[in-house]
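Reader: I should be grateful for a close look at a single strand and its surroundings. Please explain each term as it arises.

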Amino acid sequence: MRREKQASIAQPSSGGMVMLPHSHSVEQTGLCQILPTYLHKEWAYIMSDFYSSLFDLETEIRPLRANEEILIYGAGGTGRRVLLALSKQGHKPLAFIDQHAKTRSVEGVPVLTLADTALPRNATVIVAVFNRETNARFSDIKRRLDDAGFLSILSFEAFYLSCPDDFEETFFWLAKPDYLKARAEEVRAADELWSDARSRNIYRSQIRHRITGDHAGVPEPEPEAQYMPRDVPLLPEPYRFVDVGAFDGDTLDALHNQKVRLESILAFEPDMRNFQSLVKRVRAHGPYAPQMLLFPCGVGRSCDSAVFLEDGTESSKALKDASPTKGNRTMVPVIALDEILFGFRPNYIKFDVEGFEEEALCGMRKTIEEDRPMLAVSVYHRPEDLFYLPLLLSSWSCPADYYLRMHGEHTFDTVLYVIPQR
């Protein structure tokens, strides 16, 4: 596995926690107000080498030049979004490059294969591929383009950072180049939490990637180890497992195939088409535990209802505002786990709820503090989740060790593992 060179780093005190007074929660006080007081001075000095010039790297982001020749690699949905952004800048690409395209043109732009000799090798190629799958690995695509003679290659992330206002939607953790700089205190504070060097390496490489769009130094993911990483000291089995964002049961199936012993399961999935697929999978392959309950509802801060974007995919999500997001909107019931878990005492809870993780966590703070379960929290859906969610949890009364692992390409499926100290 590729890793950035690491300096020798002392272990943080207080069990890897940022010590915040329990009478002042993160939600109530505001991290930017309280963190400078509680950051350890010696740790700030150790981190200074990495962070001193980090936030100046945004100056390396290059906007496209007027009349620059442009090619788009990938004629799918991301490619079409890149095409729209380019049109707002007055650019018209010469062609799409796509080995498996089902059409010869997109919006009047021809679709060619990499072997086509008509493609100018001095054109800038924007790689419009942005997903978790192995075949989306940027380094592999760049190598193919290098071998074909192309000299200027931009990742989707680098292009987005050069013109975020030209896109009509947000993309998970991507944000404007100065976003992390504005929240530098929180970014630095979260650096103190990690319990091993590998977590810190993943964290820092992702912070750098988010500022520059450069994939160099980002470790290779481990998709097969998601939710059961081999090098994280997990609590012993069997698990009383809560699956928050169960989708179609893919996580339960994966744990079953790994022969993970599950004593009981509670699974929550508010998208009705996904829930029906979950039920179908459990009937076909389950039950995955002696006791198993499935709930067609969301999980949030309180028992209520929420506007939900329902599309029958893993990207179905609750909406926090009235933003003009395309898709089928519906109202779904939402429950707070603190209000329904009586005597269940979970010891492993997984959260993958498309940016609603903070709400779900806050709705079960009492359970987390009293029962101290192991947590696996997705931290790639929103720009702030990578640093804010570990800081939020570290401010609660549940001493724990914090690990970060990456399970998908382009830093998708990055998971925060919170292991309670016994």
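Author: Strand E17 comprises residues 414–420, and 7 of its 7 residues are buried, so the strand is largely enclosed by the rest of the structure. Here, buried means under 20% relative accessible area, exposed over 50%, and partly exposed in between, with a 1.4 Å probe and protein chains only. Strands (E, at least two residues) and helices (H or I, at least four) are DSSP runs, numbered from the N terminus.

This is a predicted model, in which local features need pLDDT of at least 70 and side-chain atom pairs count only at pLDDT 80 or more, while totals for chains, interfaces and linings use all residues. Residues are numbered from 1 along each chain as its sequence is written, and side-chain values use heavy atoms, with hydrogens and water left out.

In a regular strand the side chains alternate between the two faces of the sheet. In E17, Thr414, Leu416, Val418 and Pro420 point one way, whereas Val415, Tyr417 and Ile419 point the other way; all are buried.

The partners of E17 come next. Two strands pair if DSSP finds at least two bridges between them. Strand E16 (residues 400–406) runs antiparallel to E17, and 7 bridges join the two; among the residues involved, Met406 has Thr414 as its bridge partner. Strand E15 (residues 374–378) is also antiparallel to E17, with 4 bridges, and Leu375 stands opposite Val418.
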